[in-house]
Every structure is written in structure tokens, then in C-alpha cells.
Amino acid sequence: MFDERKVKRLKEMYPAGTRIQLDHMDDPFHPVASGTMGTVKLVDDAGTIHMSWDSGSSLGLCPGSDEFHVIRKEGN
């Protein structure tokens with residue numbers, strides 16, 4: 001869990017609509033495959049980035065644990 005300032009920054013960095021590509025997710029039970037692209041739905045107050053993955057998954061990203069990069073910011 002992140003402090004309030006970090007969560008605010010994550011919400012600014014990853015607004016709804018931002019396109020992200022996953023580099024690596026370390027989840028042995030329900031991993032999203034590396035290279036999968038998706039769209040940010042929201043960042044919650046715990047700092048989890050809720051996603052709508054192009055593969056149909058909705059598993060959230062955990063900044064600091066999962067590796068990913070922005071493809072396109074919302075509105076661009």
C-alpha cells in the first residue's frame with residue numbers, strides 16, 4: 001500500500017484511458033502474459049492500477065511489483 005502522495009502521483013501518471021504494455025507480472029496463479037496490452041480503468045486508493053487487458057483479463061497492476069510501460073497517454 002502506498003501513502004496518499006504516492007497514490008495521487010500514480011493517478012496523475014496513469015489516468016483512465018492510458019494504454020499500457022505489460023513487461024512482466026510475477027503472479028503464479030493468474031498471470032497476464034508479457035507483451036499484453038491494455039487500458040487503464042482507474043487507480044484505486046491503495047495504488048492498484050485497474051486494467052482492461054486486450055486479452056479479456058481485468059487483473060490489476062501493482063506498481064513496484066509488476067513491470068510495465070506506457071504506450072500512449074489518455075487523449076494522445
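The following legends accompany several views of one predicted protein model.

**Figure 1. Overall fold of the predicted model.** The secondary structure comprises one helix and four strands, where helices (H or I, at least four residues) and strands (E, at least two) are DSSP runs numbered from the N terminus. Read from the N terminus, the order of elements is α-β-β-β-β. The radius of gyration, taken over C-alpha atoms, is 12 Å, close to the 11 Å given by the globule rule for 76 residues, so the protein is as compact as a globular protein of that length; the rule is 2.2 Å times the number of residues to the power 0.38. Along the principal axes, the C-alpha atoms fill a box of roughly 30 × 30 × 15 Å. Residues are numbered from 1 along each chain as its sequence is written, and side-chain values use heavy atoms, with hydrogens and water left out. Because the model is predicted, local features need pLDDT of at least 70 and side-chain atom pairs count only at pLDDT 80 or more, whereas totals for chains, interfaces and linings use all residues.

**Figure 2. The aromatic pair of tyrosine 14 and phenylalanine 68.** The structure holds one aromatic pair. Tyrosine 14 and phenylalanine 68 meet edge-to-face, at 5.5 Å centre to centre and with 65 degrees between the planes. Rings of Phe, Tyr and Trp (its six-membered ring) pair if their centres lie within 6.5 Å; planes under 30 degrees apart count as stacked, over 60 as edge-to-face and the rest as tilted. The pair links distant parts of the chain, 54 residues apart: tyrosine 14 belongs to the loop between α1 (4–13) and β1 (19–24), and phenylalanine 68 to strand β4 (residues 67–72). Tyrosine 14 is buried at 11% relative accessibility, and phenylalanine 68 is also buried, at 16%. Buried means under 20% relative accessible area, exposed over 50%, and partly exposed in between (1.4 Å probe, protein chains only).

**Figure 3. Alanine 46 and valine 7.** Alanine 46 lies in the loop between β2 (37–43) and β3 (49–53). With a relative accessible area of 30%, alanine 46 is partly exposed. Its C-alpha atom is separated by 6.9 Å from that of valine 7, although the two residues are 39 apart along the chain.

**Figure 4. Burial and contacts.** Of the 76 residues, 29% count as buried. Among contacts (heavy atoms within 4.5 Å) between residues at least 6 apart in sequence, 50% join residues at least 24 apart.
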